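Thanks for coming. I will go through one structure today, and I would ask you to keep the viewer open while I talk.

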There are 2 protein chains.
Amino acid sequence: MPCGGQGRCGRCAVVVEEGAVRRRSTQRLSPEDVAAGYALACQTTIEGDVVVLIPPQERIERRLKESKRVARIALPFAYDRHEQPLRKYSITLPPPSLQDQTDDWSRLQRELARCYNLRGIQASLPVLRKLGRALREGDWTATVVIELDAWDRPEGPPRLIDVLPGERLESLWAAAVDIGTTTNHVWLVDMMSGEVLSQQADYNGQIARGEDVISRIIYASKGNGLEELQRLVVGTLNRLLAQAAQERGISTDEIYKVVVAGNSTMIHLFTAISPESIRLMPFVTAVNQVPTFPAREIGLAVNPEATVDCLPGIASYVGADITAGVVSSGMCSTQDLTLFVDIGTNGEMVLGDCTWLIACACSAGPAFEGAGVVHGMRATAGAIEEVWINPQDYEATYRVIGDEKPRGLCGSGLISLLSEMFTAGVVDKSGNINLGLRTKRVRRGTHGPEYVVAWAEESATGEDIVITAVDIDNLMRAKAAIYAGFSVLARSVGLSLSEVGQVLIGGAFGQYLNVRNAIQIGLLPDKPFDCFQFMGNTSVRGAYMALLSREMRRRVTEVAQMMTYLELSADNTFFDEFNAALFLPHTDLSQFPSVAAMMKG
Amino acid sequence: MPCGGQGRCGRCAVVVEEGAVRRRSTQRLSPEDVAAGYALACQTTIEGDVVVLIPPQERIERRLKESKRVARIALPFAYDRHEQPLRKYSITLPPPSLQDQTDDWSRLQRELARCYNLRGIQASLPVLRKLGRALREGDWTATVVIELDAWDRPEGPPRLIDVLPGERLESLWAAAVDIGTTTNHVWLVDMMSGEVLSQQADYNGQIARGEDVISRIIYASKGNGLEELQRLVVGTLNRLLAQAAQERGISTDEIYKVVVAGNSTMIHLFTAISPESIRLMPFVTAVNQVPTFPAREIGLAVNPEATVDCLPGIASYVGADITAGVVSSGMCSTQDLTLFVDIGTNGEMVLGDCTWLIACACSAGPAFEGAGVVHGMRATAGAIEEVWINPQDYEATYRVIGDEKPRGLCGSGLISLLSEMFTAGVVDKSGNINLGLRTKRVRRGTHGPEYVVAWAEESATGEDIVITAVDIDNLMRAKAAIYAGFSVLARSVGLSLSEVGQVLIGGAFGQYLNVRNAIQIGLLPDKPFDCFQFMGNTSVRGAYMALLSREMRRRVTEVAQMMTYLELSADNTFFDEFNAALFLPHTDLSQFPSVAAMMKG
């Protein structure tokens, strides 16, 4: 339910083959669809026994799980385990006697002060509950896990996280987490070496309750929706943490710290803080910097006392995923004028260098994620990810993820297709399909003019895979919004996009993107190819770096503090820039010299 | 089950009227009892349908509930509400706008810093979850409840406990709690005036799982016993808190802080920290000073974020009830050499003045609480609380609690009875009953020599109420243990009990005690009557004072730090002192000049 059960997205359409149902809304279905038995599952009441067919297209693929190999993550600094606050100490206490009846907790504090100069250690009830048994089981030798300080209390006091019987100094584990609206990532980190020793990813369990953040916020506002969404995402993370622990043969109880990045809505839902105000004017979050808390408070399946540190966001639509990305991409340390962009349902972008940063977010709509497009789909097996159109006969060839028969078009496929249609002349610079071309691929369909990318006999669905005029319109609006964001951002600081030295692309979107195509449709600024860097998941990488180093954690906070947020809905130049960008590649061709040259040639 | 279901106390005896049972142990039952159908409920397995009669004697009276009037508690200081850290502030925030999209939490922090100079405020997730709605419901005017500092972090930072919509400055509530092994007390305190506006008391719900601390520790060590005992005591406190709140027409959510006193075992059980090591050599606690924690962590039904502050104890058998008592009785501020004593199943005693304190505890056994004595009972309705014996004809008269027919003898009744038997010559100085007396009241019973206090026709049970030679032996051992404690304590610092200027008696025991009787049997040192002060419940009073004043809270910690603990089981003079005290009043009559004079006269 991409729309969260509001009857708006049409993605839960099913075929009622037998029996009576009552359709509350059919706004996303044509009369022909309804006649054929289609109904929106979220809008339909069953009135008796029914037989329902679930169309295969949207069954979720688990392609993410395929790549499980462990990558060595390159760091911009050498790992020094004393630069992070998690510690293990072993200690042997003099046993109590009738001459020294000091209580267990004071005895441990006394000896930690004497041996390691640790003072004023704090402990919670759950740790103290383990203390007596651990000390006696280990015959008065114990290993303590201590966090010396936290980002919000750099002076300490140290916090006792665990106490284990005997000497257990061989390992120390922590985790970096990215909570994406679509996908969650968990990296299990060996704090002895600083290495990532397991990487796990899976779809966010909330997806079935709404595909974008707005749908989730609406879902959270009803009944126990907020608690349910929290339970779902914590459930996903717990599964990933358990898989990672199993892969390394450890218990999840041995994971003693978790650093979390994610967009503002995801962080709110993760902590069960209502995100309601995020979607309402004037779009403020409840909390940009959530205080640290012990994992037990939200049921995260690591050590119950493990500190959970959610990185800070700066605004409703520029969250911790972006501050983490700015730090992990190196943007905050460069002297080059840099544009950082993370394109998903929302496009978040940051302009600046090591001395200043300005950010904005614009709603691109879900077109780049394959939603709101007739044959759109996510970038999973069966998705056309790249297209080539022969400018002579307008015939199409394409590449499909997983080398299967095609079932639809994902975001990069749509961008590639639009770019090819433009350069081959299938659409004009306004995006209108040229119905006069001599090819069967251009035709009038039920949704108006359309271009056939794959014929029914080639496709996995047995239907022609097409892109319609309405789809193109959606894509044009999406790319215009992103580019207008870039333009307003640059203009707001008196710069031009031509002055940008490098463009850093974060997020999953960049993985399959063809930069030349993206420039040709005017989605990305017209730069030489080597100005672009695809950074992968900069959010989890930022969480990982903040986990490994106090300095990096401090940088994320500094970035959040120094970054200026530009609210586009309060900016009266955005609409003009948006309209100017509603052309291929743009009204102002001087901004796209390489495309202009190609068009002439 | 005073003994916690070990078959040792005989208090769970029931009559099996029909059906088959298997008795595992009958050690507390006579052959006649067994023949009459008696069985120990805790030691008996039912082997089919049975009819069981529960004898009426031990049905718990709820006499405590009768006295519900609110007493004005006299304080040794004038209450100044700025001397305690709990605060309410009202604040009006500028609402967010597209020009000021600061998140709710930063906005509140910013304005609290601006208006009240409050900086670095910490908040937990549960409070932050309430923030957005509270601010908007109150149209950006809110009332915050803040604890500025805590005993263990006098420098702060301040902690946000609650946020309420609108201006709600009219009241501020907190509670002082005493967790006794037998009885729990809750005082509801209006922090605006410092007054106690409701006092509630009831039996500790753990009583059914063992009547003394040792039985409870054993119970806690089995299965989920620890969690069960915690649930029981928290359940009792929650009922008392609800009653107090209802009496003042408030919600328990408005109670924002709780200070707790109690003996070490009770504090361990309250926080579900295993008390196991308390009963095993070398008798150490897990934690003497439990860190503060929010009420939600143990399910205490006050505001979930209310700080729970358990006062510190100093040893397994000298707990927070004693440190609180030393402070609230004024012992820690006096220049007079003072003896503080709290007599229950254990007798805890402290000797010293404002510059030094030494404490010990001795196991008196349960005789003074009416247990381990054939016709013993607790100080509830039907208990004989004072006895007079005519030295001519050895006839007895007595006073009964509640002016009912007598059902047994409570602690003060037993002390009074023993004293009268001694001064009338029914027993000699060794406590032996003089079988040669011309009275029907002295006779040989099934348990050996005995004295009849009340005849069957006068009693509520239809049986003679007697004291046996075995009972007297138990009482002699109990009083000898207490007095030996006093002696060892004084001797350990090179003083004599005759130098003690005042004796402060805390706890419920003192309420019904006749000092002259207690001196005559050698339980209390021989002093003029005006040296003795009965302080009532010094434990809850200490919690109350620590709640009202940072200075008083600091004093409790200082007392815990300065007090020396003397372990009697490691002291080789205790046994000698105990043996010397196994006489009426004592082997060394020079220590009891007034009794010696009476014996002569």
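I start with a sheet region in chain B. Strand β22(B) is joined by four bridges to strand β23 of chain B, residues 465–468, and the two run antiparallel. Within that pairing, B:V452 has B:V466 in β23(B) as its bridge partner. On another side of the account, strand β21 of chain B, residues 442–445, pairs with β22 of chain B, residues 448–454, again in the antiparallel sense and over four bridges. The connection from β21(B) to β22(B) is a hairpin through two residues. B:G445 is the residue that stands opposite B:G448 in β22(B).

Before going further, a caveat: this is a predicted model. Everything I quote is computed from it.

Next, the two chains. How is chain A related to chain B? A turn of 180° with a shift of 0.0 Å along the axis lays chain A on chain B, with an RMSD of 0.2 Å. That is the relation of a two-fold axis. The contact residues of chain A recur in chain B at 100%, so the same surface serves both copies. If you want to find the axis in the viewer, go to A:E297: among the residues of chain A, its C-alpha comes closest to the rotation axis, at 4.8 Å.

Now the contact between the chains. Chain A puts in 38 residues and chain B puts in 38 residues. On the side of chain A that touches chain B, the elements giving two or more residues are α2, residues 104–116, and α3, residues 125–137, of chain A. Of the elements, α3(A) gives the most to that side, with five residues. Sorted by class, the side of chain A that touches chain B has 19 nonpolar, 13 polar and six charged residues.

Chain A itself is divided into five parts in the domain assignment: domain 1 at 13–58, domain 2 at 81–165, domain 3 at 172–310, domain 4 at 331–364 + 482–595, and domain 5 at 367–475. Note that domain 4 is written as two segments, 331–364 and 482–595. For a sense of scale, the C-alpha centres of domain 1 and domain 5 of chain A lie 27 Å apart.

On to the interior. In soluble globular proteins, nonpolar side chains tend to be buried together. Here the largest nonpolar core has 341 residues. Which residues have the most contacts inside the core? They are A:A175, A:V258, A:V453, A:A543, B:A175, B:V258 and B:A543. Take A:A175 as an example: leaving out residues up to four places away in sequence, A:A175 touches A:V186, A:W187, A:L188, A:V189, A:L241, A:I255, A:V258 and A:V302.

A:A543, also on that list, sits among the buried residues of helix α11(A). Is α11(A) largely enclosed or largely open? Eleven of the eleven residues of α11, residues 538–548 of chain A, are buried, so the helix is largely enclosed by the rest of the structure. The buried set includes A:R541, along with A:T538 and A:S539.

Now some backbone details, which you may want to check if you set up a simulation from this model. The peptide bond from A:M281 to A:P282 is cis, with omega near -5°. In chain B, the bond from B:M281 to B:P282 is cis as well, with omega near 0°. A:P282 is in the loop between α6 (264–270) and β13 (293–294) of chain A, and B:P282 is in the loop between α6 (264–270) and β13 (293–294) of chain B.

A:F283 lies in that loop of chain A too. A:F283 has a positive phi of about 60° although it is not a glycine. With 19 other C-beta atoms within 10 Å, A:F283 is partly exposed.

B:W140 also has a positive phi, about 70°, and is not a glycine. B:W140 is found in the loop between α3 (125–137) and β7 (141–147) of chain B, and counts as partly exposed with 17 C-beta neighbours inside 10 Å.

Last, B:L337, in the loop between α7 (320–328) and β15 (338–343) of chain B. B:L337 is partly exposed, with 17 other C-beta atoms within 10 Å. Setting aside residues up to four places away in sequence, B:L337 touches B:D353, B:E499, B:V500 and B:G501. The C-alpha atoms of B:L337 and B:G413 are separated by 30 Å, with the two positions 76 residues apart along the chain.

Conventions:
Residues numbered from 1 in each chain as written. Chains lettered and ligands numbered in written order. Predicted model: local features only at pLDDT ≥ 70, side-chain atom pairs only at ≥ 80, totals over all residues. Least-squares fit on C-alpha atoms with pLDDT ≥ 70 in both. Contact = placed C-beta atoms within 7 Å. Core = buried A, V, L, I, M, F, W, Y, C linked by C-beta atoms within 7 Å. Buried ≥ 20, exposed ≤ 12 C-beta atoms within 10 Å, placed from the backbone. Pairing = 2+ DSSP bridges. Domains from an automatic or database assignment. Nonpolar A, V, L, I, M, F, W, Y, C, P; charged D, E, K, R; others polar.
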